[in-house]
Structure formats: structure tokens, C-alpha cells
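Have a look at the protein shown here and turn it around for a moment. Then come back for a short guided walk through it.

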Amino acid sequence: MTAAGTRLGAGDVRAAAERIRGPVRRTPLLAADALPGLAEAGLHGVLLKAEHLQRGGSFKARGAANALLGRDAAAVVAGSSGNHGIAVAALARRTGAAATVVMAAGAGREKADAIRRLGARVVIADGGVAARDQLARRLAADTGALLVHSSDDERVIAGQGTVALEILEEAPDLDLLFVPVGGGGLLAGCCLAAGLAVRPPRVIGVEPQEARRYAVSLAAGNPVELPASRTVADGLRGQRPGEITFPIVRGRVDELIAVGDDEVLRAMELLHRAGLPAEPSGSVALAGALRRGFHGRTAVVVSGGNSPSALAAMGVEAGRGAAAAADQAPPFPAPPVSVLS
């Protein structure tokens, strides 16, 4: 299967799985029935893909690894709300590339600090996600660095699709797959991977109510840019679908639903009680399953668990002294920006 409007297909997801084997963990698929409090919440027959146990604390390690491994890049630039930046910074340190991560104003300071401890330079862009990504593109173009987009990149999408590939290998009889939606790289990758199943599951994307860029865009028939949002799911504040992700999602997703912040926080509380320390963005898919309801064999992607305590510990050993070195890096030849100190 190859998606209309892109060269990407399910085979690219399989190739990504081989490429990232080693640097990326195969995370467990947990039965909710066996976890404290979740059976009582009615989550019978639900499987939880534990990406909070992934290296770097989220599924973003998959796309970053697929984008960077095997490429001779001396420098890399990424725009990120946090988890993608963490993944890129960690992979850049592995490959020896200098990394710069652009974050939007108001991005979580704990994630920015973790990125710096991993040796990357953090630049703050005024405005929301759209302004962040625009600045990242400009910095990459001005310096010749490799741009690794957080979602709208073919290698990133294929890497994120390995989440669904692993789920389907363990649960080939899956009926429903709930996926959180920010920039759309994970959803697009899961849509591609679903095509590998003999009986593909229904793929259900879950967006924050304040940031329904895919639902709005699909209704309009073309990508639409929304205003910057302040949803508690800080990793899902994307404003516009990508040029690569949009046709994939449009051609394959079965449903898109939205959840409010209160629903996200309730789902996060349930996961925490069950011993899964998900962050708000990582709890959105479960919030969607609880809102919509489910039947048969259902999988929910718990996409990340970068809590403040987890972030505080990240990269401290290997990154000792790296933050200071990053601050001393020569500035980019770009319009005035602020570097997070």
C-alpha cells in the first residue's frame, strides 16, 4: 500500500523497523484488565502500547532514529514542543551531529532543560507551533543543517508507524486502534502500518478539542491553519496538518474525535493509578477511547510519559557539562531570537 500524494507506503514502515532496531526499544503491549483500577473503569479487552517506556520517554524516538541513522549530517535542526526535541538531541549525540531545537514561546521549561542536558541548543520562537516550525526551516536553510520536522517528514512518519506495526504483530486480530494526534506523524504512520494487516483495524485519531486541525481540514478538503491553542496536552498543539501527513490521513483514517482537557486529565489519572506515568499528551488516546466507547479487541497508544521528575533525570549523567557547551555555540545568522538559559 502506497498513500495517494506521497511515495510512502507500508513497506517504508517495515524498512524503518529494521533501521531503528537497537537504538529504539520494542515497548510492551499491556492488558488493561491486568492493571490496577483499569478493569473497574470498564477497559475490558483494551491493550495499552506503553510508549512512555520508550527511550527518551516517548514514541518520538522512532521517527528521530529513522530520520537520522545512516545519514551523514554534521548539524540538525528540529522544531518541537519537547519530546521530538529530546529524541533528536539524543540521536544527534549518538551520531555526533550538532543539534538545535526550536521551541514555541510557552513551551514547557522542563522539556527544554532536558534537551539542553542532552547537548542540544534550544532557541525560543515568538508565537505558536506555526512560528516555531517556520523559524526551524529558516535556521536549517541558513546553516545547511538537516531539518528533521516533528511530523511532516517521510522518514519520521515511517518511523512512527512502527508503533502500530508492533501492535499488529502481537494483536493481529485488532478491531480498533486509538492514536493521539498532534502534527499527525504518528497517525499517518499508523494508517500506513494498518495496511499490512490481513484484517486492518479501524484507525481512530484523537485530537484535543482546542486543536482539531485534522478534523477541520478534512471537512474543508484542504489543510487549514488554526490559531495557537493552550490545551493541557502540550505535545499536541499543532496548528496545521502537514503536506505529507494530510493526504495519508485523509485517505485512510476511519474516525477523528476530540476530547477536552478534563477528559485528558481523567485518563491520565487512571493511567497513573495503574502504574503508567503518562503525561497529558500521552493520555489523549485513552481519553478518546473512554469518550467514544469501544468493542472487540482495542489498542490505545500511550504515547509518552515525560513527567517533570522523569525529565529532571534525563541526560544528567551523559549530558554533564553539555548544556554549558551548547550555550557557547556560535549564534545562527537569523533574525533576533531568544536562547533559553
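What follows is a short report on this protein, part by part.

## The overall picture

Keep in mind that this is a predicted model. The protein contains 14 helices and 11 strands. Its chain has 341 residues, and 58% of them are buried.

How do the contacts spread along the sequence? If you take the contacts between residues at least 6 apart in sequence, 73% of them join residues at least 24 apart.

## The sheet

Next up is an open sheet of 6 strands. Going across, the order is S1-S2-S10-S7-S8-S9, and the pairing is mixed. At the edges sit strand S1 (29-31) and strand S9 (255-259), each of which pairs on one side only. On average, neighbouring strands of this sheet are turned by 25 degrees against each other, if you ignore direction.

Zoom in on the S1 edge and you'll find S1 pairing with strand S2 (residues 46-50) in the antiparallel sense, over 3 bridges. Here Ala 31 stands opposite Leu 47 in S2.

## A covered helix

Helix H8 (185-194) packs on that sheet. H8 touches strand S7 (176-180), strand S8 (202-208), S9 and strand S10 (298-302). The direction of H8 makes about 155 degrees with that of S7.

How many residues of H8 are buried? The count is 10 of its 10 residues, so to speak a helix that is mostly covered. Among the buried residues of H8 are Gly 185, Leu 186, Leu 187, Cys 190 and Cys 191.

## The largest pocket

Now for some empty space: the largest pocket holds about 610 Å³. It is lined by 42 residues, and the closest to its centre are Arg 132, Ser 150, Ser 151, Gly 182 and Gly 183.

Which helices take part in the lining of the largest pocket? Helix H3 (83-95), helix H5 (129-143) and helix H8 each supply at least two residues. H5 gives the most, with 6 residues. Sorted by class, the lining of the largest pocket has 8 nonpolar, 23 polar and 11 charged residues.

## The cavity

There is also an enclosed space to find. The count comes to 1 cavity of 30 Å³ or more, and the space in the largest cavity is about 30 Å³. Its lining is made of Gly 79, Asp 133, Ala 136, Arg 137, Leu 147, Val 148, His 149 and Ser 150.

H5 turns up here too, giving the largest share of the cavity lining with 3 residues. By class, the lining of the largest cavity has 3 nonpolar, 3 polar and 2 charged residues. Ser 150 is worth a second look: this residue lines the largest cavity and is also listed among the residues closest to the centre of the largest pocket.

## One residue in a loop

To finish, look for Gln 54. This residue sits in the loop between S2 and helix H2 (60-68). Is Gln 54 buried or exposed? Its relative accessible area is 2%, and because anything under 20% counts as buried, Gln 54 is buried.

Which residues is Gln 54 in contact with, leaving aside its neighbours within four places in sequence? They are Val 24, Arg 25, Thr 27, Phe 59, Ala 61 and Arg 62.

Note on methods: Residues numbered from 1 in each chain as written. Predicted model: local features only at pLDDT ≥ 70, side-chain atom pairs only at ≥ 80, totals over all residues. Heavy atoms only, no water. 1 Å grid on protein atoms, 1.4 Å probe; cavity = no way out; pocket = protein on both sides within 12 Å on 5 of 7 lines; lining within 4 Å. Points joined across faces, edges and corners; volume = space filled by probe spheres on them. Helix = DSSP H or I, 4+ residues; strand = E, 2+ residues; numbered from the N terminus. Nonpolar A, V, L, I, M, F, W, Y, C, P; charged D, E, K, R; others polar. Buried < 20%, exposed > 50% of the residue type's maximum accessible area, 1.4 Å probe, protein only. Pairing = 2+ DSSP bridges. Axes fitted to C-alpha atoms, helices over the stretch in contact; angles between N-to-C directions. Contact = heavy atoms within 4.5 Å.
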